[in-house]
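Student: Please pick one part of this model and take me through it closely. Keep it brisk, and give me the cut-offs as you go.

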Amino acid sequence: MMNDGRVFNGLFQERKGLVVALGMKDMLGGMKNAASGVVQGGLGNYSEMSVDQMRKEYGMYLMEGEEIQVGFKLIRDALIFTDKRIIFTDKQGATGSKMSVKSINLFSIVEVSMETAGFGFDDSELTFTYIQTADMKAHSLTYVSHKLEFPKKYDVQPLYRLLQELAYANCVRLNGLE
C-alpha cells in the first residue's frame, strides 16, 4: 500500500517506516468553536485556539521541523495536534508555573471511536487507543486509551476521520500487510 514516500489517500506519507499526517490543518480547518473557553473549560470541554497563539505559548516544546496543525485549550491546559504527535500540557498549582507535558506519537495510534453529542448537556467524545510500549515489535505491548471531550456543537467528525485513517494505516504497517 505505501512504499518509498508515496502519498496514502492524500493524508499520510511513509518516511523511514513511519506514517505521518499530511494536510491535517485542511482536514481540521472546518471545525468551529461553539462556546467560550471559560464556559467549556468549566464543563471539561476543549475549545479551539489559533495556531499562532499555540505556537507562541508552546512552540518551545516542538521538535525541529514539527508544525502545529490545530490546538485546543481547557482552562489552563492544552491539547495540541502537530504533524508528528499529540501534545498534552497540564499546568499545575495555584500559579500555573509548574507544568507537565506528555506526547503521543501519531504512528502509535491503533484504534479510534467517536460519540457525537445528544440532547441536553451531552458532549462530543473522541477516544483513541495507542501503543505505549517503546518497541512496537516487543512480545508484550501496552495499550492505553485516552478520551477527549469537545463542546456539544463542535464537529469532531473530521478529527475522528483523520485519527481513524492513521489508526488503519498504523495497523496495516504493524501487521506487515503493506
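Tutor: What follows is a close look at one sheet, then at the salt bridges.

The model is predicted: local features need pLDDT of at least 70, side-chain atom pairs count only at pLDDT 80 or more, and totals for chains, interfaces and linings use all residues. Residues are numbered from 1 along each chain as its sequence is written, and side-chain values use heavy atoms, with hydrogens and water left out.

Start with the layout. Three strands make an open, antiparallel sheet in the order 9-10-11. Strands here are DSSP runs of E, at least two residues; helices are runs of H or I, at least four; both are numbered from the N terminus. Two strands pair if DSSP finds at least two bridges between them. Strand 9 (109-115) and strand 11 (143-150) are the edges, each pairing on one side only. From one strand to the next, the twist averages 15 degrees.

Now the pairing. Strand 9 and strand 10 (residues 124-131) run antiparallel, joined by six bridges. Opposite T129 of strand 10 stands E111.

T129 deserves a closer look. T129 sits in strand 10. With 11% relative accessibility, T129 counts as buried (under 20% relative accessible area; exposed is over 50%, partly exposed in between; 1.4 Å probe, protein chains only). Its side chain makes a polar contact with the side chain of S145, at 2.7 Å. A polar contact is a pair of N or O atoms within 3.5 Å; within protein, one must be able to donate a hydrogen and the other to accept it, and residues adjacent in sequence count only if both atoms are side-chain atoms. Setting aside neighbours within four places in sequence, T129 is in contact (heavy atoms within 4.5 Å) with S108, I109, V110, E111, Y143, V144 and S145.

Next, the loop. A134 is in the loop between strand 10 and strand 11. A134 counts as exposed, because its relative accessibility is 84%. S108 is 26 residues from A134 in sequence, and their C-alpha atoms are 9.4 Å apart.

A helix crosses the sheet. Helix 4 (residues 157-174) lies across strand 9, strand 10 and strand 11, at about 150 degrees to strand 9. Axes are lines fitted to C-alpha atoms, for helices over the stretch in contact; angles run from 0 to 180 degrees between N-to-C directions.

Last, charge pairs. The structure has five salt bridges (a side-chain nitrogen of Lys or Arg within 4 Å of a carboxyl oxygen of Asp or Glu). One of them joins the side chains of E125 and K147, at 3.9 Å from N to O. E125 is in strand 10 and K147 in strand 11, 22 residues apart, so distant parts of the chain are linked. E125 is buried at 17% relative accessibility, whereas K147 is partly exposed at 46%.

Elsewhere, salt bridges with shared partners join E57, K73 and K91 into one network. The K73 and E57 side chains meet at 3.0 Å, N to O. K73 belongs to strand 5 and E57 to helix 3, 16 residues apart. K73 is buried, with a relative accessible area of 15%, while E57 is partly exposed at 28%. K91 also bridges to E57, with the closest N and O atoms 3.2 Å apart. K91 lies in strand 7 and E57 in helix 3, so this pair ties together parts 34 residues apart in sequence. K91 is partly exposed, at 22% relative accessible area.
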